[in-house]
Amino acid sequence: MFWSVRNRILVPISTAVGMGIVLSTYFNIQGIVQNENQRIQTQMDDLFTTLAGTSFPLQRSVLVQVEQISGVHLMVLGEQTAETSFREDEAVQKLLEQIPLSPKSSPLPSVHVAGMDYTVFKKNIPARQMTLLAFYPRQQLLDAIRRAIYPQIISGAITLLAVCGLVVCISGNVTSPMQKLKEHLARIAEGDFSESVNDRQDEIGQLICSINEMANRLRVYEQKIRSQEKLLTLDQMGGGIAHQMRNSITGCRLALDFHKQCCDADRESLEVANRQLVFMEEFQKRFLSMARDNNRQRSRIDLGRIVAEYAKLLLPFARHVRVELSVTVPDFPVWILGNESLIQQMTSNLVINAIEAAGSDPDAPPGQVDIRITSQSSRAEMQVIDSGTGIDASVESQIFDPLVTTKADGVGLGLAIVKQSIEEHDGQIEWRRQDGRTSFVIQIPLFDDRSRET
C-alpha cells in the first residue's frame with residue numbers, strides 16, 4: 001500500500017507528541033487532584049482548630065456565618081443537640097447514619113444532601129464534648145480541578161497542532177523537490193536529458209546534482225550508442241561494397257600499368273595515380289569494417305615522415321581546385337606508437353576536407369591549407385589549417401558523428417573515421433575557428449622506451 005513520505009513523517013511524530021501530551025496531562029491531573037485534596041485537608045484542619053478554640057457556643061447563626069465565609073457547610077453534634085448550617089430541614093439522623101465516627105479529621109465517603117454531593121470531614125472535640133462535621137462541596141473540588149486541567153488540555157492541543165503544522169511544512173519541503181525529481185526522472189526515461197534547476201544546499205541538492213550528472217552521462221552514452229549503431233550498419237554493408245570496389249580498383253591499376261608501358265606520358269602523374277589506387281585498395285579493405293577491428297598492429301613510426309609523404313599525393317588535387325598546400329615538419333623524427341595505415345587514412349580525410357573547404361572559384365584568390373607537425377613535451381601535435389568559410393553552425397556539435405554532413409555529395413564519414421583512428425592511438429582531436437581560419441588540432445602521445453609494441 002502506498003504511504004506518502006509526508007504521512008510517514010507526520011503520523012509517527014504526531015502520535016508520539018500526542019501520547020506525550022496525554023501522559024503529561026494525566027500525571028499533571030493526578031498531581032493537581034492530590035494538591036487540591038491536600039489544600040482542602042489543610043483548610044479543614046485550620047477550620048476545626050479555629051472552631052475548637054472558640055469559647056462561644058456554636059449555634060446555627062454562627063455556623064451560617066462561617067459557611068458564608070468558607071463555603072463549607074458545618075454541623076455540630078452535642079450529646080443531645082445538633083446544629084447545622086444547612087438552611088433546609090434535613091434528616092439529621094439519616095445523615096448521621098451515613099457518617100461513621102472518627103477520632104480525628106479526615107475525608108469520609110461522600111454523602112448526598114439536598115441534591116448535592118459533599119465530602120465529609122469529621123473531628124471530635126472531647127474538651128467541649130462535641131463533634132464537628134464539615135461538608136465540603138465536591139463541585140468546588142471538581143471546578144478547581146477543571147480550572148487547572150483546561151490550560152493543560154488547551155496548551156497540549158495547541159502544541160500538537162503546532163507540531164503537526166511544522167511537520168507538514170518540513171515534509172512539504174522534502175516531498176515537493178522529490179516530486180520534481182520524479183518528473184525529472186520521467187523526462188530522462190523519455191529521452192530528455194536536460195538538467196534540472198538546483199537551488200538547494202542540502203542532501204536533496206546533492207541528489208539533484210547526482211541526477212543531473214547521470215543525465216549528462218546518459219546523453220553522452222546515447223550519442224555513442226547512436227554512433228556505434230550507424231557504424232555497425234555501415235559495417236554490415238561493407239562486405240558487398242568492398243567487393244565491388246576491389247574489382248574496380250584492380251581494373252584501374254591494370255589499365256595504368258599498361259598505359260605506362262605503351263605510352264610516353266607524364267610518368268610522375270601516372271605514378272601518383274597508381275600510388276593513390278594502391279592506397280585505395282588497402283583502405284577499402286578496412287573502410288567500413290572499422291567497428292569490428294579495433295586491435296590493429298602498432299609500431300614505432302615517424303608521424304612527420306608519414307604525413308609529409310602522403311601530403312605529396314594530394315598536391316595534384318590541391319592544384320586542381322586552386323589551393324596552396326604547405327607542409328611543415330621538424331628536422332627530427334616525431335616518434336609515436338601507431339599504425340601507419342590508420343595515420344595515412346586520418347591524414348587523407350583531414351587534408352582532403354581542408355582542401356575542399358579552402359577551394360575557391362577562378363575569380364577569387366587561391367585558398368590556403370597548412371599542415372604543421374610539432375612535438376610538445378610528451379605529445380605529438382598535428383594541425384590542419386584551412387582558409388575556408390568554416391563549419392556550418394547547424395552541425396558544429398555533431399561534426400564527429402557518422403553520417404553528419406552539409407555537403408551535397410558528402411557521406412559524413414570522414415571526420416568520424418578520423419576521430420576513431422585518433423582514439424585508437426590514445427589521442428584527442430579538437431577544432432577551432434580563429435582569425436578567419438578553421439584549425440583541426442590532433443594530439444597523440446609520443447613513443448618512449450617504456451612503450452610496448454602491439
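These are my notebook entries on the fold, one sheet and the salt bridges of a predicted model.

**Entry 1: overall**

I began with the whole protein, which has 454 residues, 37% of them buried. I counted 10 helices and 12 strands. For contacts between residues at least 6 apart in sequence, I noted that 64% join residues at least 24 apart. The accessible surface came to about 27000 Å², and carbon and sulfur atoms hold 54% of that.

**Entry 2: helix α2**

I looked up which residues of α2, residues 60-70, are buried, and found V62, L63, V64, V66 and E67. Just after α2, I noted G71 with a positive phi of about 75°.

**Entry 3: the five-stranded sheet**

I traced an open sheet of five strands with mixed pairing, in the order β7-β9-β10-β12-β11. Its edge strands are β7 (323-328) and β11 (428-434), each pairing on one side only. From one strand to the next, the twist averages 15°.

Inside the sheet I checked β9 (residues 367-376) against β10 (residues 379-386); they pair in the antiparallel sense over eight bridges. For T374, I found E381 in β10 as the bridge partner.

I then looked for helices on this sheet. Helix α7 (residues 303-313) packs on it and touches β7, β9 and β10. The direction of α7 makes about 165° with that of β9. Helix α9 (residues 340-358) lies across β7, β9, β10 and β12 (437-445), and runs at about 25° to β10.

**Entry 4: salt bridges**

I found nine salt bridges in the structure. One of them joins the side chains of R298 and D426, at 3.9 Å from N to O. What does this pair tie together? R298 sits in the loop between α6 (267-286) and β6 (299-302), and D426 in the loop between α10 (414-424) and β11, so the bridge connects parts 128 residues apart in sequence. I also checked exposure: R298 has a relative accessible area of 18%, which is under the 20% cut-off, so I list R298 as buried. D426 is at 53%, over the 50% cut-off, so I list D426 as exposed.

Within α10, I noted a salt bridge between E423 and K419 at 2.4 Å, N to O. The two are four residues apart, about one turn of the helix. Both are partly exposed: E423 has a relative accessible area of 45%, and K419 has 29%.

R432 forms a salt bridge with E430, with the closest N and O atoms 3.0 Å apart. I have R432 as partly exposed at 32% and E430 as partly exposed at 44%.

Last, I recorded a network of salt bridges that links R305, E309 and E340.

Terms used: Residues numbered from 1 in each chain as written. Predicted model: local features only at pLDDT ≥ 70, side-chain atom pairs only at ≥ 80, totals over all residues. Heavy atoms only, no water. Buried < 20%, exposed > 50% of the residue type's maximum accessible area, 1.4 Å probe, protein only. Contact = heavy atoms within 4.5 Å. Areas by Shrake-Rupley, 256 points an atom, 1.4 Å probe, with all protein chains shown as cover. Pairing = 2+ DSSP bridges. Axes fitted to C-alpha atoms, helices over the stretch in contact; angles between N-to-C directions. Salt bridge = Lys/Arg side-chain N within 4 Å of Asp/Glu carboxyl O.
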